[in-house]
Amino acid sequence: MSRKEETSKGIVTYNKNIILSIVNLAAKEISGVSSLCSNFGGSFFKKMFSNNYCEGVKLTHTKDGLMIDVYINIYADYNVSDVACRVQENIKSGITSMMNVPVHSINVRVMGVEFVDKK
């Protein structure tokens, strides 16, 4: 999966790995996100048979644009809906500022809560 864009100077091609990297980094830089899930729904098989999957991120192309599913773990001391909203905003901002790819939806799925030992 790659995306092509014509400019006045030529054609720019975006590899799916670029989009996956932007989404991965944008999600991880939000405070409250402990990690991206690597083991949801048989990730071994998803990695083997899907080109649109990277650790904790799944991309789907639709006629309206890119649909992004992000699977995260959060820290216990953070508000779940606030963290999820900030992850959505940061991913959308990252993709639109770095490339001209339409985003149809960003689904943030909180898969777990991590408790930090405060010693």
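A residue is called buried when its relative accessible area is under 20%, exposed when that area is over 50%, and partly exposed in between. Asparagine 90 has a relative accessibility of 18%, so asparagine 90 counts as buried. The model described here is a predicted one.

**Overall layout**

The chain contains three helices and seven strands. Read from the N terminus, these elements follow the order β-β-α-β-α-β-β-β-α-β. The chain has 119 residues, and 37% of them count as buried. Many contacts reach across the sequence: among those between residues at least 6 apart, 65% join residues at least 24 apart.

**Strand 6, helix 3 and strand 7**

Strand 6, helix 3 and strand 7 together form a right-handed β-α-β unit. Strand 6 covers residues 65–75 and strand 7 covers residues 103–114; the two pair in the parallel sense over ten bridges. Within this pairing, valine 70 has valine 108 of strand 7 as its bridge partner.

Helix 3 spans residues 80–98, and asparagine 90 belongs to this helix. Which residues does asparagine 90 touch, leaving aside its neighbours within four places in sequence? Asparagine 90 is in contact with Ala26, Glu29 and Ile30.

**Salt bridges**

Side chains of opposite charge can pair when their charged atoms come close. In the whole structure there are two salt bridges. In one of them, the partners are arginine 109 and aspartate 69, with 3.2 Å between the closest N and O atoms. Arginine 109 is in strand 7 and aspartate 69 is in strand 6, so this salt bridge ties together parts that are 40 residues apart in sequence.

The other salt bridge joins aspartate 82 and arginine 86, whose closest N and O atoms are 3.4 Å apart. Aspartate 82 and arginine 86 are about one helical turn apart, because they are separated by four residues in helix 3.

The table gives the accessibility of the residues in these salt bridges.

| Residue | Relative accessible area | Class |
|---|---|---|
| Aspartate 69 | 5% | buried |
| Aspartate 82 | 39% | partly exposed |
| Arginine 86 | 24% | partly exposed |
| Arginine 109 | 37% | partly exposed |

Buried or partly exposed: which class holds aspartate 69? At 5%, aspartate 69 is buried, whereas its partner arginine 109 is partly exposed at 37%.

**An aromatic pair**

The structure has one aromatic pair. The ring centres of tyrosine 75 and tyrosine 78 are 6.5 Å apart and the ring planes meet at 45°, so the pair is tilted. A pair would need planes under 30 degrees apart to count as stacked and over 60 to count as edge-to-face. Tyrosine 75 is partly exposed, with 27% relative accessibility. Tyrosine 78 is partly exposed too, at 36%.

**Cysteines**

A disulfide is a covalent bond between the sulfur atoms of two cysteines. How many disulfides does a search of the whole structure find? The search finds zero. Cysteine 37 has a relative accessible area of 5%, so cysteine 37 is buried. Cysteine 85 is partly exposed, with a relative accessibility of 34%.

Methods
Residues numbered from 1 in each chain as written. Predicted model: local features only at pLDDT ≥ 70, side-chain atom pairs only at ≥ 80, totals over all residues. Heavy atoms only, no water. Disulfide = S-S within 2.5 Å. Buried < 20%, exposed > 50% of the residue type's maximum accessible area, 1.4 Å probe, protein only. Contact = heavy atoms within 4.5 Å. Phe/Tyr/Trp six-rings, centres within 6.5 Å; stacked < 30°, edge-to-face > 60°. Pairing = 2+ DSSP bridges. Right-handed = clockwise from strand over helix to strand, strands pointing away. Salt bridge = Lys/Arg side-chain N within 4 Å of Asp/Glu carboxyl O.
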